[in-house]
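This report describes how the strands of one sheet are arranged and paired. The sequence and the model are shown below.

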Amino acid sequence: MTRKKFDLSTLPKFPDLKIEKRLWKKGWRQIGGIDEAGRGALAGPVAAAVVILPNIPKLTQILAGVRDSKQMTALQRERFEPLIKEASLSWSVGFASPAEIDQIGILPATRLAARRAVESLSLIPDYLITDYLDLPDIEVPQEKFVKGDMRSLTIAAASVLAKTARDAQMRILDEQFPGYTLSRHKGYGTRLHRKAIQKLGKSRIHRQSFKLAST
């Protein structure tokens, strides 16, 4: 059965709490939003973050400007990171290594990173919402949403934490593996990165199972 195409015109201008309010009304209190970063990169880990936001007035005002991390600048993400953490009831980031990605595949590795994030929370979520990622290994009621990071403030907040945490890891790896300019492209397959791989070869933090596109 073909999945019905999502109508982009129905997306809010900024992610809101419509999904969360529906679930809060049903009695779910600790709703964990999950999103990932680095799934399509050629190097470095894949990261997944989970955020549990409180059901309080003016939450959208407190986190006004938080949206899908890909729509934010690096400076915006860095500015909102501590605000998200301070506003959250609980948050966590999990990683899966390049070796794990090569061994089990990128989708299972993304699920593994998400599971590690959930297991590291200080609170146990009673419901999970994701950016269209199903998590069969996590025994918590859950829903996945097309364009979830553009619809749900909780998922958008998770996307910011996943991105900033992974970017920080890539800056560290840039110092350990010079020549690949990892701090600039964060391991994604830019022309600059592909040329560095052609010159230096793949390092041990590169995903060996990922094919290198031609320049």
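In this predicted model, Gly 32 has Leu 128 as its bridge partner in strand 4. Gly 32 also has a bridge partner in strand 2, namely Ile 52. A further pairing with strand 2 places Ile 34 opposite Val 50.

These residue pairs belong to the two pairings of strand 1, which are set out in the table.

| Strands | Residues | Bridges | Direction |
|---|---|---|---|
| Strand 1 and strand 2 | 31-37 and 46-52 | six bridges | antiparallel |
| Strand 1 and strand 4 | strand 4: 127-130 | four bridges | parallel |

The surroundings of strand 1 can be described as well. Buried here means under 20% relative accessible area. Six of the seven residues of strand 1 are buried, so this strand is largely enclosed by the rest of the structure.

The sheet as a whole is open and has five strands, in the order 3-2-1-4-5 and with mixed pairing. Its edges are formed by strand 3, residues 90-96, and strand 5, residues 142-144, each of which pairs on one side only. From one strand to the next, the twist averages 20°.

Which strands, then, does strand 1 stand between in the order of the sheet? In the order 3-2-1-4-5, strand 1 lies between strand 2 and strand 4. With strand 2 it runs antiparallel, and with strand 4 it runs parallel.

Technical notes
Residues are numbered from 1 along each chain as its sequence is written. This is a predicted model: local features need pLDDT of at least 70, side-chain atom pairs count only at pLDDT 80 or more; totals for chains, interfaces and linings use all residues. Side-chain values use heavy atoms; hydrogens and water are left out. Two strands pair if DSSP finds at least two bridges between them. Axes are lines fitted to C-alpha atoms, for helices over the stretch in contact, and angles run from 0 to 180 degrees between N-to-C directions. Buried means under 20% relative accessible area, exposed over 50%, partly exposed in between (1.4 Å probe, protein chains only).
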